[in-house]
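Trainee: Please give me a close look at how side chains are linked to one another in this model, and take the covalent case before the charged ones. I would like to know where each link sits and what surrounds it.

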Amino acid sequence: MTSPIPFPRAGRVCASLALLLALAAPARAAPETAAIFGIELFDPGVVGGRKARPDETRRLGLVTDELRKALGEAVEPVDVAPQAAEIAKQAPLYKCDGCAAAIAKALGANLAVSGYVEKGSNQIFNLTVTITEAATGKVVRGGRVVIRADTDDTWAHAMRWVVKNRLLAEPLPNRS
């Protein structure tokens, strides 16, 4: 009579080998959680600041979406909506002396990602993005790029460039 499993020993060897490989492979840490805040507008030409125009608001949303996409697998975003009132109260976050880290910590995130577009003229802008530790407020990575045209494509390209070449050019410290 033949066995229903023609090679029972081979099956156990394969299973053992698979288990050994799984245990021997380096464990990948789960991505850090990050509160990714909306990119804000800084117009130094207006004393006291101003609200963004509708076209600027749309572009700020566009670059915020690009930031979330570009960070991709490097971080796991957390929903910032539960702290919307505090974000509005502290805004603009680039002037609040570390409040983004405190808000991120309240959300249970390990990192805070924030940034702003500084208007230099009608055609020249600076895009700045920082990543800080939520627990300490220490800046772990930052980047800035000049945008030399006021189009959706140039703003989106600038965000992708700053993430790729400044924020994630190397693995985040103590996080790889």
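Mentor: The structure, which is a predicted model, holds 1 disulfide. The disulfide joins Cys96 to Cys99, with the sulfur atoms placed 1.7 Å apart. The dihedral about the S-S bond is -85°, which makes the link left-handed. Both partners, Cys96 and Cys99, are buried.

Cys99 also leads into the next element, for helix 4 covers residues 99-106 and counts Cys99 among its buried residues, together with Ala100, Ala101, Ile103 and Ala104. These buried residues of helix 4 pack against strand 1 (32-36), helix 3 (84-90), strand 4 (111-119) and strand 5 (125-133). Just after helix 4 comes Gly108, whose phi is positive at about 85°.

For the wider setting, the protein chain has 5 helices and 6 strands, and from the N terminus on they follow the order α-β-β-α-β-α-α-β-β-β-α. Buried residues account for 35% of the 176 residues in the protein chain. If you take the contacts between residues at least 6 apart in sequence, 63% of them join residues at least 24 apart. The area that the protein chain exposes is about 10800 Å², with 57% of it supplied by carbon and sulfur atoms.

Now to the charged links. Side chains of opposite charge can pair when their charged atoms come close. The structure holds 9 salt bridges. One of them brings together the side chains of Arg58 and Asp152, with N to O at 2.8 Å. Because Arg58 belongs to helix 2 (residues 54-71) and Asp152 to helix 5 (residues 152-167), this pair ties together parts that are 94 residues apart in sequence. Arg58 counts as partly exposed at 43% relative accessibility, and Asp152, at 28%, also counts as partly exposed.

Arg59 deserves a slower reading. Arg59 lies in helix 2, and its side chain meets that of Asp150 in a salt bridge with N to O at 2.9 Å. Since Asp150 sits in the loop between strand 6 and helix 5 while Arg59 sits in helix 2, the pair ties together parts that are 91 residues apart in sequence. Asp150 has a relative accessibility of 21% and therefore counts as partly exposed, whereas Arg59, with a relative accessible area of 11%, is buried. Arg59 forms a salt bridge with Asp152 as well, where the closest N and O atoms are 2.7 Å apart. That pair again links distant parts of the chain, with Asp152 in helix 5 and Arg59 in helix 2, 93 residues apart. Elsewhere, salt bridges that share partners join Arg53, Asp55, Glu56 and Lys119 into one network. To return to Arg59, if its neighbours within four places in sequence are left aside, its contacts are with Asp150, Thr151, Asp152 and Trp155. The two carboxylate partners described above, Asp150 and Asp152, are thus among the residues that Arg59 touches.

Arg141 offers a contrasting case to set beside Arg59. Arg141 is found in strand 6, which covers residues 139-147. Arg141 is buried yet has no salt bridge, and the nearest side chain of opposite charge, that of Glu170, is 4.7 Å away. Because a salt bridge requires the nitrogen and the carboxyl oxygen to be within 4 Å, the separation of 4.7 Å from Glu170 leaves that pair uncounted. What, then, does the side chain of Arg141 reach? One partner is the backbone oxygen of Leu167, at 2.8 Å. Another is the backbone oxygen of Glu170, which lies 2.9 Å from a polar atom of the Arg141 side chain. With Glu170, then, Arg141 has a contact through the backbone oxygen but no salt bridge.

Methods. Residues are numbered from 1 along each chain as its sequence is written. This is a predicted model: local features need pLDDT of at least 70, side-chain atom pairs count only at pLDDT 80 or more; totals for chains, interfaces and linings use all residues. Side-chain values use heavy atoms; hydrogens and water are left out. Helices (H or I, at least four residues) and strands (E, at least two) are DSSP runs, numbered from the N terminus. Buried means under 20% relative accessible area, exposed over 50%, partly exposed in between (1.4 Å probe, protein chains only). Contact means heavy atoms within 4.5 Å. Accessible areas come from the Shrake-Rupley method with a 1.4 Å probe; for residues, only the protein chains shown count as cover. A disulfide is a pair of cysteine sulfur atoms within 2.5 Å. Lys and Arg count as positive and Asp and Glu as negative; His and the chain ends are not counted. A polar contact is a pair of N or O atoms within 3.5 Å; within protein, one must be able to donate a hydrogen and the other to accept it, and residues adjacent in sequence count only if both atoms are side-chain atoms.
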